[in-house]
Amino acid sequence: MTSLVVILMGSKADEAHCQKIAEAARGFGIEVVVRIGSAHKTPEHVADLLRAYEADPRPKVYITVAGRSNALSGFTDGSVSAPVIACPPPSDSFGGGDIFSSLRMPSGIAPAVVLDPANAALLAAKILSLGDGDVKAKVAEFRKRQADQIITDDKGQR
């Protein structure tokens with residue numbers, strides 16, 4: 001059964017950020033779907049999407065992409081049983097203070113927060129690798145490539 005990452009963005013303005021996440025996740029052999037829904041503006045639509053994905057029996061991780069007032073991550077985490085990773089888009093709004101809406105959640109609501117899109121995909125892959133040997137092998141290959149590159153770079157320093 002192929003693992004699934006559901007990327008849910010708050011608006012189409014976040015599409016480029018989401019594509020970075022999707023590309024990295026696909027590199028681990030994970031199926032990815034990207035959807036748009038706002039916890040503030042279209043809560044019924046988001047709830048319908050989440051119910052549909054929760055009915056899908058595949059192992060999954062949700063990655064939410066929303067800035068400013070990140071209700072999407074909390075709403076998603078409170079609605080699903082699978083892990084949720086918040087990966088808010090970069091922002092200079094409010095001197096960067098809007099990141100706190102991703103960091104501070106009510107009790108019982110616990111999405112992880114990862115700011116780098118490729119690292120959000122890596123965390124999703126590591127979570128999914130717990131039950132998916134193919135993804136586990138791809139994560140191991142990724143780690144080996146990283147280590148090999150460091151050793152190669154170091155040899156050039158002597």
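A pocket here is an open set of grid points, on a 1 Å grid over the protein atoms alone, with protein on both sides within 12 Å along at least five of seven lines, and its lining residues have an atom within 4 Å of a point. Keep in mind that this is a predicted model.

With that in hand, let's look at the largest pocket. Its space comes to about 410 Å³. The lining is made up of 21 residues, and S11, D14, A66, G67 and R68 sit nearest the centre. Sorted by type, that lining has 7 nonpolar, 10 polar and 4 charged residues.

Next up is helix α3, which covers residues 71-79. Its buried residues are L72, S73, G74, T76 and D77. What do they pack against? The partners are β1 (4-9), α2 (43-55), β3 (60-65) and β4 (84-86). At the N-terminal end of α3, N70 acts as the cap, with a side-chain oxygen 3.5 Å from the backbone nitrogen of L72.

Then there are the aromatics. How many aromatic pairs turn up in a search of the whole structure? Just 1. It's F28 with F142: the ring centres are 5.5 Å apart and the planes meet at 70°, so this one is edge-to-face. F28 belongs to the loop between α1 (15-26) and β2 (31-36), while F142 is part of helix α6 (residues 133-155), so the pair ties together parts 114 residues apart in sequence. Here's how the two rings' residues compare on accessibility:

| Residue | Relative accessible area | Class |
|---|---|---|
| F28 | 5% | buried |
| F142 | 22% | partly exposed |

The cut-off behind those classes is simple: under 20% relative accessible area is buried, so F28 at 5% falls in that class.

Terms used
Residues numbered from 1 in each chain as written. Predicted model: local features only at pLDDT ≥ 70, side-chain atom pairs only at ≥ 80, totals over all residues. Heavy atoms only, no water. Buried < 20%, exposed > 50% of the residue type's maximum accessible area, 1.4 Å probe, protein only. Helix = DSSP H or I, 4+ residues; strand = E, 2+ residues; numbered from the N terminus. Contact = heavy atoms within 4.5 Å. Polar contact = N/O pair within 3.5 Å; in protein donor to acceptor, adjacent residues only side chain to side chain. Phe/Tyr/Trp six-rings, centres within 6.5 Å; stacked < 30°, edge-to-face > 60°. 1 Å grid on protein atoms, 1.4 Å probe; cavity = no way out; pocket = protein on both sides within 12 Å on 5 of 7 lines; lining within 4 Å. Points joined across faces, edges and corners; volume = space filled by probe spheres on them. Nonpolar A, V, L, I, M, F, W, Y, C, P; charged D, E, K, R; others polar.
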